[in-house]
Each structure stands twice: as C-alpha cells, then as structure tokens.
Amino acid sequence: MTKADIVNEIAKNTGIDKATVLKTVESFMDVVKDSLSKNENVYLRGFGSFIVKTRAQKTARNISKNTTIIIPAHSIPAFKPAKTFITQVRK
C-alpha cells in the first residue's frame with residue numbers, strides 16, 4: 001500500500017476531500033520525523049511506537065580491499081508494534 005492508496009482509503013471512509021487528507025498524512029509524517037530527529041519517541045496506543053535505537057560502534061571488513069573499517073555509533077529509527085496490533089495481524 002502506498003501513500004496515495006492510504007489517502008484514497010481515508011478519503012473514501014471519511015468523506016473528506018483527498019487534498020485535505022494528503023496534507024494531514026504528510027503533516028503526521030513530518031511530526032513523527034521531527035520528533036525522532038530530536039530523540040523523542042512517538043507512542044500511538046493500540047498501534048505501536050516509533051522509537052530511536054542507538055547502534056554501538058563496531059568493526060567491519062571491506063572484503064574487496066581486505067581492510068578493516070570502524071563504523072561509529074549512530075541512531076536509527078524503528079517501529080515497535082503494539083501487542084493488539086501484532087495479534088490482529090497474526091490472525
């Protein structure tokens with residue numbers, strides 16, 4: 001499902017015009033991205049959590065050049081679904 005599919009489905013279910021729904025969906029995504037960039041998690045009860053995970057520094061190998069490189073510690077965004085969401089998908 002793409003963003004356009006989501007917008008069409010919400011517009012069809014609510015009767016709100018697609019332009020307004022698109023603005024709302026894009027605004028939601030911007031708020032989530034801004035919060036995560038500030039290291040603030042986003043919790044949506046019954047759906048899940050958008051969280052920031054921290055990866056530790058590690059050593060990796062470039063096998064084509066046969067060299068070792070250091071990958072510094074960094075943060076990545078992640079999604080953790082709620083238990084009710086997981087049980088609904090498993091059915």
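**Notes on a predicted model**

1. Start at the N terminus and follow the chain: the elements come in the order α-α-β-β-β-β-β-α. That gives three helices and five strands in the protein's secondary structure. Keep in mind that this is a predicted model.

2. Next, the overall shape. The C-alpha trace spans about 60 × 30 × 30 Å along its principal axes. The radius of gyration is 19 Å, whereas a compact globule of 91 residues would be near 12 Å. As for burial, 16% of the 91 residues count as buried.

3. How do the contacts spread along the sequence? Take the contacts between residues at least 6 apart in sequence: 30% of them join residues at least 24 apart.

4. Now look at the first two helices. Helix 1 covers residues 3–14 and helix 2 covers residues 18–37; their axes come within 9 Å and cross at roughly 125°. Helix 1 is therefore oblique to helix 2, since an angle that is over 115 but not over 145 degrees falls in the oblique class. The crossing of this pair is right-handed.

5. Which residues do the meeting in this helix pair? From helix 1 come Lys3, Val7, Asn8, Ile10 and Ala11, and they meet Lys18, Val21, Leu22, Val25, Glu26 and Met29 of helix 2. Sorted by character, the residues of this contact are seven nonpolar, one polar and three charged.

6. Serine 35 is worth a click. You'll find serine 35 in helix 2. Is serine 35 buried or exposed? Its relative accessible area is 15%, so serine 35 is buried, the cut-off for that being under 20%. Setting aside neighbours within four places in sequence, serine 35 has contacts with Glu40 and Val42.

7. Then move on to isoleucine 76, which sits in strand 5, residues 74–81. Why does isoleucine 76 count as partly exposed? Because its relative accessibility is 23%, and partly exposed is the class between the buried limit of 20% and the exposed limit of 50%.

8. What does isoleucine 76 touch, leaving aside its neighbours within four places in sequence? The list is Ile51, Val52, Lys53 and Arg55. One of these, lysine 53, is 23 residues away along the chain, yet the C-alpha atoms of lysine 53 and isoleucine 76 are separated by 5.3 Å.

Notes
Residues numbered from 1 in each chain as written. Predicted model: local features only at pLDDT ≥ 70, side-chain atom pairs only at ≥ 80, totals over all residues. Heavy atoms only, no water. Axes fitted to C-alpha atoms, helices over the stretch in contact; angles between N-to-C directions. Helix = DSSP H or I, 4+ residues; strand = E, 2+ residues; numbered from the N terminus. Parallel < 35°, antiparallel > 145°, perpendicular 65-115°, else oblique. Left-handed = near helix turned anticlockwise from the far one by under 90°. Contact = heavy atoms within 4.5 Å. Nonpolar A, V, L, I, M, F, W, Y, C, P; charged D, E, K, R; others polar. Rg over C-alpha atoms; globule rule 2.2 N^0.38 Å. Buried < 20%, exposed > 50% of the residue type's maximum accessible area, 1.4 Å probe, protein only.
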